[in-house]
Amino acid sequence: MISHRTVMTNAAQAVADSADVLAYCITNFGRGLAVHVGAYAQCIPNEDDSPFLWITPVEENEAVNEDEIFTVRMVVGGCVKGPNGEKYIESVITERTASANGLTVAGGSKVIEDLRDMIISIVRNARAGARVSAIRRQENDIAHFPLDWAEFFISYYEPESLT
């Protein structure tokens with residue numbers, strides 16, 4: 001049986017090795033992705049770590065298959081940069097005027113969520129040492145400017161071998 005830490009590290013390595021993730025992060029954040037497995041020594045990741053992927057195990061529960069299924073939490077965060085390198089939090093789609101309704105969306109959220117979904121695809125297809133059995137995405141629409149983040153949970157299935 002492979003250790004959970006090894007599975008998390010293997011998934012992290014697959015993300016760190018991705019040229020697509022690197023290009024996306026350089027374009028949208030100005031530098032490559034920092035991938036961390038386990039606890040941060042100083043604190044939880046913040047805007048100084050942008051962009052980052054933080055991978056931690058979820059506490060095990062008393063479920064029937066607790067030894068066969070384990071869940072990993074992955075947080076994708078970053079300070080999204082606009083076209084001129086400025087940090088921004090909204091995109092005005094339509095200006096509100098005296099005679100027209102306006103539409104504004106959180107500008108950083110889509111960039112973060114697209115990065116998260118790119119990472120999910122990599123992790124889903126990585127040969128990390130256990131089979132992915134479920135993926136649950138979760139958004140955080142209340143940004144803490146300048147940091148935006150989104151997270152996802154990967155449940156791995158690792159049946160005990162008969163050998």
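Here is a walk through the predicted model shown above, from its overall layout to a few individual residues.

Two notes on conventions will help. Because this is a predicted model, local features need pLDDT of at least 70 and side-chain atom pairs count only at pLDDT 80 or more, while totals for chains, interfaces and linings use all residues. Residues are numbered from 1 along each chain as its sequence is written, and side-chain values use heavy atoms, with hydrogens and water left out.

Let us begin with the whole chain. Its secondary structure comes to three helices and seven strands; helices (H or I, at least four residues) and strands (E, at least two) are DSSP runs, numbered from the N terminus. Reading along the sequence gives the pattern α-α-β-β-β-β-β-α-β-β. Of the 163 residues in the chain, 36% are buried, where buried means under 20% relative accessible area, exposed over 50%, and partly exposed in between (1.4 Å probe, protein chains only). Contact means heavy atoms within 4.5 Å. Among contacts between residues at least 6 apart in sequence, 57% join residues at least 24 apart.

Now turn to the helices. Helix H3 (residues 107-125) has 19 residues and reaches 29 Å from its first C-alpha to its last, close to the 27 Å expected at 1.5 Å a residue; the expected span is 1.5 Å times one less than the number of residues. Its buried residues are Gly107, Gly108, Ser109, Val111, Ile112, Leu115, Arg116, Ile119, Ile120, Ile122 and Val123. When you look at such a list, it helps to recall that an α-helix has 3.6 residues a turn, so residues three or four places apart point the same way. Asp117 also belongs to helix H3, and with a relative accessible area of 28% this residue is partly exposed. The C-alpha atoms of Asp117 and Ala150 are separated by 9.6 Å, at 33 residues apart along the chain.

How do the axes of H2 and H3 cross? The axes of helix H2 (residues 19-29) and H3 come within 11 Å and cross at roughly 170°, which makes H2 roughly antiparallel to H3. Here axes are lines fitted to C-alpha atoms, for helices over the stretch in contact, and angles run from 0 to 180 degrees between N-to-C directions. Angles under 35 degrees count as roughly parallel, over 145 as roughly antiparallel, 65 to 115 as roughly perpendicular and the rest as oblique. On the H2 side, the residues that meet H3 are Asp20, Val21, Tyr24, Cys25, Asn28 and Phe29; their partners in H3 include Val111, Leu115, Met118 and Ile122. By class, this contact has 10 nonpolar, one polar and three charged residues, with Ala, Val, Leu, Ile, Met, Phe, Trp, Tyr, Cys and Pro counted as nonpolar, Asp, Glu, Lys and Arg as charged, and the others, Gly among them, as polar.

Just ahead of H2, Asp17 sits in the loop between helix H1 (4-16) and H2. Asp17 is exposed, with a relative accessible area of 55%. From Asp17 to Ile122, the C-alpha distance is 9.9 Å, with their positions 105 residues apart in sequence.

Next come the strands and their aromatic rings. A search of the whole structure finds one aromatic pair. Phe70 and Tyr156 form this pair, which is stacked, at 5.3 Å centre to centre and 25° between the planes. Rings of Phe, Tyr and Trp (its six-membered ring) pair if their centres lie within 6.5 Å; planes under 30 degrees apart count as stacked, over 60 as edge-to-face and the rest as tilted. Phe70 lies in strand E3 (residues 69-78) and Tyr156 in strand E7, so the pair ties together parts that are 86 residues apart in sequence. Phe70 is buried at 2% relative accessibility, and Tyr156 is buried at 1%.

Beside Tyr156 in strand E7 (residues 148-157) is Tyr157, which is partly exposed at 24% relative accessibility. Beyond residues up to four places away in sequence, Tyr157 touches Glu68, Ile69, Ala130, Arg131 and Ser133. The C-alpha atoms of Tyr157 and Glu68 are 5.6 Å apart.

Our last stop is around strand E2. A cis peptide bond joins Ser50 and Pro51, with omega about -15°, and Pro51 lies in the loop between strand E1 (34-37) and strand E2 (52-57). Within E2 is Thr56, buried with a relative accessible area of 15%.
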